[in-house]
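Me: I'm still new to reading structures, and I'd like to zoom in on one spot instead of skimming everything. Could you pick a single side chain, look closely at what it pairs with, and then walk me outward from there?

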Amino acid sequence: MVESSSTSKIRQRSKNTADKNDASVTTSQKCIAIVGAGFAGLALANYLQKQERIQYVLLEAKERPIPIVGSFRLPSTQVLLELGISIPRRTRKDEDDSTITIPRQELMALLCQRVHVRYSSSVQSVRSVLNASTSDTSENTKQYYITLSNNKKDELGPFDAVVAANGLDVSTNTPWKQHCTAIIGDSFFGRSDILFGLTTRIQKGGAMAMMDGLELGKVLVLDGHQGTNQHDGVHVWQREKARARTAQLASTAAFVALLFVFLLIVVLSVCA
């Protein structure tokens with residue numbers, strides 16, 4: 001399939017900044033589609049922004065950024081530095097001098113500053129096809145196309161990978177996620193995990209999502225040096241992340257169950 005002119009313009013525009021104007025995709029460059037412009041998606045986009053051989057397209061279903069309140073805690077300043085973001089003046093270091101606290105709205109503005117977000121781009125479906133330029137029929141030679149949920153049903157692509165970063169999902173309207181190359185941040189949690197996933201989200205804030213974006217960015221860059229459309233590192237990283245999250249959910253579920261039993265015993269004791 002020939003890439004549409006609209007998609008070509010999006011891919012070219014995705015890395016345009018004050019220092020990088022009129023960026024274009026060459027045959028040696030990859031293009032990654034990121035679905036969701038939350039902390040995870042923005043962290044990944046900011047990391048890829050620094051890479052010469054990887055382009056990205058960042059899609060967001062909302063029409064515009066939504067104001068957010070509260071503070072954001074990160075385990076260290078290293079995450080921001082690796083994303084190429086200057087540490088805000090209003091950053092507050094905690095007593096142990098490692099964890100830092102940043103206003104969420106200010107951090108979101110910083111993450112959006114250097115990247116291009118295509119708003120009003122809700123994803124309807126993701127499909128994959130074998131790369132026609134190679135005779136290899138393995139999973140690693142697939143190319144991906146995204147259909148948007150607009151009146152024109154625009155199709156974007158081809159992409160070398162699609163990353164789901166669309167946040168905590170309670171909808172049954174996202175079967176396309178199973179076709180993604182990787183899932184990061186709160187998007188990992190499904191409907192059945194909503195209670196325990198939300199508990200983990202409250203405990204960890206958005207730091208876990210940003211770390212996902214940063215880690216996956218590094219893996220994508222390493223995979224890119226191994227050859228066209230090779231995602232072995234991504235698959236390994238995703239499996240390890242899934243095991244860690246499953247263990248985390250099981251631990252949270254066990255804690256909630258023990259707490260319920262304790263409260264039940266207390267109530268029965270009071271009523272006796």
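Reply: Let's start at Glu155, which is partly exposed, with a relative accessible area of 24%. One thing to keep in mind as you look: this is a predicted model.

Which side chain does Glu155 meet in a salt bridge? The partner is Arg127, and the N to O distance is 2.9 Å. This pair links distant parts of the chain, since Arg127 belongs to strand β7 (residues 123-130), Glu155 belongs to strand β9 (residues 155-159), and the two are 28 residues apart. Arg127 has 31% relative accessibility, so it counts as partly exposed too. As general background, side chains of opposite charge can pair when their charged atoms come close.

How many salt bridges does a search of the whole structure find? It turns up four, and two others are worth a visit. Lys218 forms one with Glu82, where the closest N and O atoms are 2.6 Å apart. Here again distant parts of the chain are linked: Lys218 is in helix α6 (residues 207-224), Glu82 is in helix α3, and 136 residues separate them. Both ends are partly exposed, Lys218 with a relative accessible area of 31% and Glu82 with 22%.

Then there's Glu60 with Lys62, whose closest N and O atoms are 3.7 Å apart. Try checking the surface view for this one: Glu60 is buried at 11% relative accessible area, whereas Lys62 is partly exposed at 43%.

Back to the strands for a moment. Five of them form an open sheet, and its order is β6-β2-β1-β10-β11, with parallel pairing. Why is one side of β6 and of β11 left without a neighbour in the sheet? β6 (117-118) and β11 (182-183) stand at the edges, so each has a single partner strand. For β11, you can follow the pairing with strand β10 (residues 161-164), which is parallel and runs over two bridges. Click on Val163 and you'll find its bridge partner in β11, Ala182.

Now bring in helix α2, which packs on this sheet and touches β1 (30-35), β2 (54-59), β6 and β10. The direction of α2 makes about 155 degrees with that of β2. How much of α2 is buried? The count is 11 of the 11 residues in the stretch 39-49, so the helix is largely enclosed by the rest of the structure. Among those buried residues are Phe39, Leu42, Leu44, Asn46, Tyr47 and Gln49.

For a contrast, hop over to helix α7 (residues 232-271), where Phe255 is found. Is Phe255 buried or exposed? Its relative accessibility is 55%, so it counts as exposed. Phe255, Val256, Leu259, Phe262, Leu263, Val266 and Val270 form a nonpolar patch on the surface, and together they have about 660 Å² of accessible area.

One last stop is Pro75, in the loop between β3 (71-74) and α3 (78-82). Pro75 counts as partly exposed at 44% relative accessibility. Look for Met208 as well: Pro75 and Met208 are 133 residues apart in sequence, while in space their C-alpha atoms are 9.8 Å apart.

Definitions and conventions: Residues numbered from 1 in each chain as written. Predicted model: local features only at pLDDT ≥ 70, side-chain atom pairs only at ≥ 80, totals over all residues. Heavy atoms only, no water. Buried < 20%, exposed > 50% of the residue type's maximum accessible area, 1.4 Å probe, protein only. Helix = DSSP H or I, 4+ residues; strand = E, 2+ residues; numbered from the N terminus. Patch = residues over 30% accessible without salt bridge, like charges linked within 9 Å, V, L, I, M, F, W, Y side chains within 5 Å. Areas by Shrake-Rupley, 256 points an atom, 1.4 Å probe, with all protein chains shown as cover. Pairing = 2+ DSSP bridges. Contact = heavy atoms within 4.5 Å. Axes fitted to C-alpha atoms, helices over the stretch in contact; angles between N-to-C directions.
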